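Colleague: Please take a close look at one part of this model for me, and show how it connects to the rest. A connected account would suit me better than a list.

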Amino acid sequence: MKCCRIASLVLLAIVVGAAAYGAGLIRSGFSALTPPSRLETIIARTMRRMAIPSAASKQRNPLAESAETPNVIAAGRAHWADHCATCHGNDGSGLTQIGQNLYPKSPDMRLSATQNLSDGELYYIIVNGVRLTGMPAWGAAGTGEADENWYLVSFIRHLPRITPEELDEMKRLNPKTEADRAEEQQEEEFLKGGEPSQNPEATHHH
């Protein structure tokens, strides 16, 4: 009887807490500018882990033994710069215009919250995305060691040790808009001694 009473009180506390939290959200509105609360973060991360099948989370990176070889890191770095850096930044910090305006914001992938995930969990998140966030599902790019998503897993492991030279190389690999390309052309013409073209779209950024 005593155990039932305690369980009822705990359940009641959870219901009251959830109701209070919901009321607070309604009063403050559902703005993506507001950082998630600690409780919301804990619940989201717990749900993410629960959503990953145990078999998937136990997968090992087939490139693990060569994860620090230059070719593996270079392949992951190039793919990251072209596909992932827009939201996550070249350095994995998430400090980009898009990354900081998502809800939740792009995480700093150099920190333990990401680095403590297993290789299989990282791979599963890349392939399947994360619901109710800005992380899309990229799908399986291949099988076995040829799967470029494993190269990304290796590069994510490398992020805490990324060098300034690597970051400079990645800037050249980042996607460019028409305005970016026009601005680069202007700079090249100017450095060669020519007159830069007067294209307003090339010099104006939103």
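Modeller: Happy to. In what follows, a contact, or touch, means heavy atoms within 4.5 Å. This is a predicted model, in which local features need pLDDT of at least 70 and side-chain atom pairs count only at pLDDT 80 or more, while totals for chains, interfaces and linings use all residues. Residues are numbered from 1 along each chain as its sequence is written, and side-chain values use heavy atoms, with hydrogens and water left out.

Let me begin with Thr86, which sits in helix α5 (residues 85–88); helices here are DSSP runs (H or I, at least four residues; strands are E, at least two), numbered from the N terminus. Leaving aside residues up to four places away in sequence, Thr86 touches Thr96, Ile98, Gly99 and Pro175. The C-alpha atoms of Thr86 and Gly99 are 7.5 Å apart, with their positions 13 residues apart in sequence. Thr86 is partly exposed at 38% relative accessible area, where buried means under 20%, exposed over 50% and partly exposed in between (1.4 Å probe, protein chains only).

Two cysteines come up in this stretch of sequence. The structure holds zero disulfides, a disulfide being a pair of cysteine sulfur atoms within 2.5 Å. The sulfur of Cys84 has its closest cysteine sulfur in Cys87, but at 8.8 Å that is too far for a bond. Cys87 is likewise in no disulfide. Cys84 is buried, at 11% relative accessibility, whereas Cys87 is partly exposed, at 22%.

Now to the part I would look at most closely, the pairing of α4 with α9. The structure holds seven salt bridges, each a side-chain nitrogen of Lys or Arg within 4 Å of a carboxyl oxygen of Asp or Glu. Side chains of opposite charge can pair when their charged atoms come close. Glu166 pairs with Arg77, and their closest N and O atoms are 2.7 Å apart. Glu166 lies in helix α9 (residues 164–173) and Arg77 in helix α4, so this pair ties together parts that are 89 residues apart in sequence. Both partners are covered: Glu166 is buried at 10% relative accessible area, and Arg77 is buried at 9%. Arg77 also meets Glu169 in a salt bridge, at 3.4 Å from N to O. That pair again links α9 with α4, over 92 residues. Glu169 is partly exposed, at 29%. Arg77, Glu166 and Glu169 thus belong to one network of salt bridges.

Another bridge stays inside α9. Asp168 and Lys171 meet at 4.0 Å, N to O, and they lie three residues apart, about one turn of the helix. An α-helix has 3.6 residues a turn, so residues three or four places apart point the same way. Asp168 is partly exposed at 42%, and Lys171 is exposed at 53%.

Glu166 leads us on to α8, where His158 is found. His158 is buried, with 8% relative accessible area, and it touches Glu68, Ile73 and Glu166, not counting residues up to four places away. Next in sequence is Leu159, which by the same count touches Trp80, Asn90, Asp91, Gly92, Met109 and Arg110.

Leu159 is also among the residues with the most contacts inside the largest nonpolar core, along with Trp80, Val153, Phe155, Ile156 and Met170. The core has 24 residues; such a core is a set of buried Ala, Val, Leu, Ile, Met, Phe, Trp, Tyr and Cys residues joined through side-chain atoms within 4.5 Å. Helices α4 (70–83), α7 (119–128) and α8 (148–158) each supply at least two of its residues.

Of these, α7 is mostly covered, with seven of its 10 residues buried: Gly120, Glu121, Leu122, Tyr123, Ile125, Ile126 and Val127. Those residues pack against α2, α3 (54–57), α6 (112–115) and α8. After α7 comes Gly129, with a positive phi near 70 degrees.

For the wider setting, the protein has 11 helices and zero strands, and 26% of its 206 residues count as buried. Of the contacts with a separation of 6 or more, 58% are between residues 24 or more positions apart.
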